[in-house]
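Reader: I'm new to this one. Could you take me through a single part of it, the aromatic rings, and tell me what sits around them?

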Amino acid sequence: MNPLAGQDEHETLETLFRNVDLSFAEEAVCRCFHMAGPGRHPRSPVGLFRTFIVMHMKGVRSLREMVRLLDVDVRLRKICLLKKGEKGYPRSVLSRFARKVGADKLESIVEDKVVALLKRSSASDVDAVLDASFVKAWSTRHPKDSQTGFSDDDARVGRAGRTFGLGYKLHLSIDSESRLPLANVVAPANENEKRHTPTLLEKTRQILSNAGAKLKRVIADSQYSDEKIRRTVEAVIPYPANQKRNVKGLLRVDKKFRIYGPEDLKRKYHKRPTIEAVYSFLKTQYGLTMNKARGLKSVATYALYSIMCLVLNREAAENTGRPDKAISPTRSEAHV
């Protein structure tokens, strides 16, 4: 689904880039390339970075499709910093850029943006909501091992909603109030959420600390019910039916999603669906379902570009005086 449907796409993108500060990103991506001295200089790293943002914002499904658009669309060429008469970015250059920047540098760019937005909102005590969502692999199952990928060795078969699929899981923590993504981990789909929760919580605490805030409590579904987690942080997590049987006064959720337990815990747990909305935006508006990357690191990079779009949408909305539009990407007046 195109997130810019019903609007002037080019005007939307132009306004977005006018209302966000990409200086840190420019420094980070330029350090990946030979920019001075003798030798052949690269194509504009900032323009290439913008190109990947545009791909996710416009719902472009492949690098080849993006190359074709840059060959014929004058306004889009300008947005991606291509000069008049300059050849568009070829597919090989785009692929090389994605490998050179990589998930680690891209994650640092996203974290810098998140910290800046948290400082701007004067966040202090933050309730973090945790959840994981399936990302389909761009591969078929291996004919000799149905639990692994044929053209993607890192992909694994795991739970995908009510069924099973070959792919990965994006583990995410968000601020329950602003719906701002805080930290993320990408892992094969067969790995349980609890395995990556300590890493996710540590990254969340670090980001909040950098912003002068602290983690107040964690809100998650019963899949995260673990005594190790409960000992390290205040946890609003329902106990599944097979834990602490016959113990009253605990938070529980039945198969029909009816909530039982103390009223204060039920009220806090009602914040959990906010992360479902965030995943919905990432998938339907920012291209998370159109993964054509192979390998854990490449899929992590792909997911981070989707997260980056969500974060930039919030920054643009706040810079245009409409923070309420940060959670409405399809009708955001921050882009009009």
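Author: Let's start with a rule: a charge sits over a ring if NZ of Lys or CZ of Arg is within 6 Å of the ring centre and within 35 degrees of the ring normal. In this predicted model, the charged end of Arg294 fits that description over the ring of Trp138, 4.2 Å from its centre. Arg230 does likewise with Tyr239, its charged end sitting over the ring at 3.7 Å from the centre.

Now for rings meeting rings. A pair of aromatic rings is described by the distance of the centres and the angle of the planes. Searching the whole structure turns up three aromatic pairs. Take Phe49 and Tyr305: their ring centres are 6.3 Å apart and their planes make 45 degrees, so this pair is tilted. It ties together distant parts of the chain, with Phe49 in helix H3 (residues 45–58) and Tyr305 in helix H11 (residues 296–319), 256 residues apart. Phe49 counts as buried because its relative accessibility is 2%, under the 20% cut-off. Tyr305 is buried too, at 2% relative accessibility.

Tyr305 also pairs with Phe52, and here the rings are stacked: 5.1 Å from centre to centre, with 15 degrees between the planes. Again distant parts of the chain are linked, as Phe52 belongs to helix H3 and Tyr305 to helix H11, 253 residues apart. With a relative accessibility of 7%, Phe52 counts as buried.

Put these together and you get one aromatic cluster, made up of Phe49, Phe52, Phe97 and Tyr305.

Conventions
Residues are numbered from 1 along each chain as its sequence is written. This is a predicted model: local features need pLDDT of at least 70, side-chain atom pairs count only at pLDDT 80 or more; totals for chains, interfaces and linings use all residues. Side-chain values use heavy atoms; hydrogens and water are left out. Rings of Phe, Tyr and Trp (its six-membered ring) pair if their centres lie within 6.5 Å; planes under 30 degrees apart count as stacked, over 60 as edge-to-face and the rest as tilted. Helices (H or I, at least four residues) and strands (E, at least two) are DSSP runs, numbered from the N terminus. Buried means under 20% relative accessible area, exposed over 50%, partly exposed in between (1.4 Å probe, protein chains only).
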